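Me: Got a minute to go through this model with me? I'd like to start with the packing.

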Amino acid sequence: MAEQPDFPLLALGMRRIGWIRFWFQTVLGVVVIGVLLFNNIGSSLARNSERALGLGPGLSLTTLAFFLLLYSLWQGWLIVLAGRSINTPARPSRAETSRLLKRGLIVDLLGLVFSSVGYQSLAGALFVQASMQAPGISIGAGVRSMENYPITSLEMLSVLSNTQVLFAHLIGLIFSLWLLQRIYRVK
């Protein structure tokens, strides 16, 4: 009967960490979707939007990582529900709970991979664009010249959205690992 006092503490920890994870990822997800929508609307309205074609793969991978973040949010909600049910007589088994956490780990790892590759793509495209600029101020450059295309705030917003989704998956990964370690510590 020494294991009984650990279940209320485990249930409380899972609920709290599940809620913290859920709300951190929700807030970061709202920022990501806001930035992606603003970037999409702003780039379609901006002049010379065809010059930012190199950002397409990075933004696609960021969007894919965002969809994985939505799935991770659902997993975070399931962690909260599992934390509620641990303290009841019909508690889930350790295997069921660890499977739930491992699914969240895999999704967050995939999200980290996609957002990291997307970040590299975005940073590479912006580096190429920055390296092609002439030093100083270029007044009256022709339309064909890349020297008159500075990096805009919309392009930097695309990097910001990728960084936010990367951070959201990192938070999910850290909290899931911590909870998984707590589950295996309970005897």
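**Helix packing and cores**

Me: How do α2 and α3 sit, roughly parallel or antiparallel to each other?
Reply: This is a predicted model, to begin with. The two helices pack at an angle of about 160 degrees. Angles over 145 count as roughly antiparallel, so α2 and α3 are roughly antiparallel to each other.

Me: How far apart are their axes?
Reply: The axes of α2 and α3 are 8 Å apart.

Me: And the crossing, left-handed or right-handed?
Reply: Left-handed, for α2 and α3. By class, their contact has 17 nonpolar, nine polar and two charged residues.

Me: Switching to cores. How many residues has the largest nonpolar one?
Reply: It has 26 residues. Those with the most contacts inside it are Met14, Ile79, Ile86, Leu101, Val165 and Leu179.

Me: Which elements give two or more residues to that core?
Reply: α1 (6-45), α2 (56-86), α3 (94-131) and α4 (153-185).

Me: Is there anything on a second core? What does it include?
Reply: A separate core of five residues includes Leu55, Ala125, Leu126 and Val159.

Me: Back to Leu101. What is it in contact with, leaving aside neighbours within four places in sequence?
Reply: Leu101 is in contact with Ile79, Ser176, Leu179, Leu180 and Ile183.

Me: New topic, Asp108. Where is its place?
Reply: Asp108 is in helix α3.

Me: Buried or exposed?
Reply: Asp108 has a relative accessible area of 0%, so it is buried.

Me: Which residues is Asp108 in contact with, same exclusion of sequence neighbours within four places?
Reply: Arg21, Gln25, Ser72, His169, Gly172, Leu173 and Ser176.

Terms used
Residues numbered from 1 in each chain as written. Predicted model: local features only at pLDDT ≥ 70, side-chain atom pairs only at ≥ 80, totals over all residues. Heavy atoms only, no water. Core = buried A, V, L, I, M, F, W, Y, C linked by side-chain atoms within 4.5 Å. Buried < 20%, exposed > 50% of the residue type's maximum accessible area, 1.4 Å probe, protein only. Helix = DSSP H or I, 4+ residues; strand = E, 2+ residues; numbered from the N terminus. Contact = heavy atoms within 4.5 Å. Axes fitted to C-alpha atoms, helices over the stretch in contact; angles between N-to-C directions. Parallel < 35°, antiparallel > 145°, perpendicular 65-115°, else oblique. Left-handed = near helix turned anticlockwise from the far one by under 90°. Nonpolar A, V, L, I, M, F, W, Y, C, P; charged D, E, K, R; others polar.
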